[in-house]
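Here are some exercises to work through with the model open beside you. Try each task before you read its solution.

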Amino acid sequence: MQPLKIRGIIFMTCTKERTPTSIEKPSPPIMKNRLTATDIVGAYVFCSDPRDPLQQEAIDKLMPKNIGAWAPIALFGGPIALARQGPSLDPCCEIICHQIHFAAKNFPNFKTVILIGHDCGYYAEITEKEVLLPEKRNDIAEARRSLECKLTELGITIEIRAFFYEPDGSGFTEIK
Ligand SMILES: [Zn+2]
């Protein structure tokens with residue numbers, strides 16, 4: 001910095017260039033590994049709750065990557081909305097069906113939906129009574145049947161698989 005004297009007042013001048021803002025100089029977008037519509041092979045519906053990083057890792061491992069890319073559909077409660085009804089669940093059910101319908105229409109290789117349930121805290125929002133693990137697993141089976149039925153009504157035939165993430169961290173149980 002150089003001192004600059006004008007009429008007895010000392011100003012400090014700075015020779016360093018001003019840092020440009022991101023608005024003035026946006027970074028070029030990264031385009032590598034971009035997917036196309038034909039790469040999307042399915043979607044998975046799961047609970048938005050991000051508190052268990054092990055569960056998130058397990059979900060990533062569960063999705064078979066060698067066949068293509070999977071679209072995540074995250075909602076608090078996950079697939080519970082497909083099995084149960086109620087003011088806070090009905091719009092979620094509609095959203096899930098609408099999203100899958102959209103994907104099936106627009107992605108030619110979209111053939112599978114995977115429902116992922118867990119020991120979900122959202123039950124406290126929809127019921128005052130305690131919901132035990134067997135009932136939670138059963139809800140995921142019911143969600144699979146219900147989604148199959150709704151998609152058939154919409155003329156969509158895709159494979160639906162359902163899994164429950166065990167709260168002891170042992171991994172997923174496939175629900176038939
Ligand atoms: Zn949850």
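Two residues are in contact if their C-beta atoms, placed from the backbone, lie within 7 Å. The model is predicted, so local features need pLDDT of at least 70 and side-chain atom pairs count only at pLDDT 80 or more, while totals for chains, interfaces and linings use all residues. Numbering starts from 1 along each chain as its sequence is written.

**Exercise 1.** Find which residues I116 touches, not counting residues up to four places away in sequence.

Solution. Start with Y44, V45 and F46. Then add I59 and G78. Finish with F163 and Y165.

**Exercise 2.** Work out the strand order of the open sheet and find its edges.

Solution. Strands (E, at least two residues) are DSSP runs, as are helices (H or I, at least four), both numbered from the N terminus. Strands pair if DSSP finds at least two bridges between them. The five strands follow the order 4-3-5-6-7, with mixed pairing. Strand 4 and strand 7 (172–175) each have a single partner strand, so one side of each is left without a neighbour in the sheet. Now look at strand 6 and strand 7: they run antiparallel and are joined by four bridges. Across this pair, F164 stands opposite T173 in strand 7.

**Exercise 3.** Place helix 3 and helix 5 against the strands.

Solution. Angles run from 0 to 180 degrees between N-to-C directions, with axes fitted to C-alpha atoms, for helices over the stretch in contact. Helix 3 lies across strand 3, strand 4 and strand 5, at about 165 degrees to strand 4. Helix 5 lies across strand 5, strand 6 and strand 7, at about 165 degrees to strand 6.
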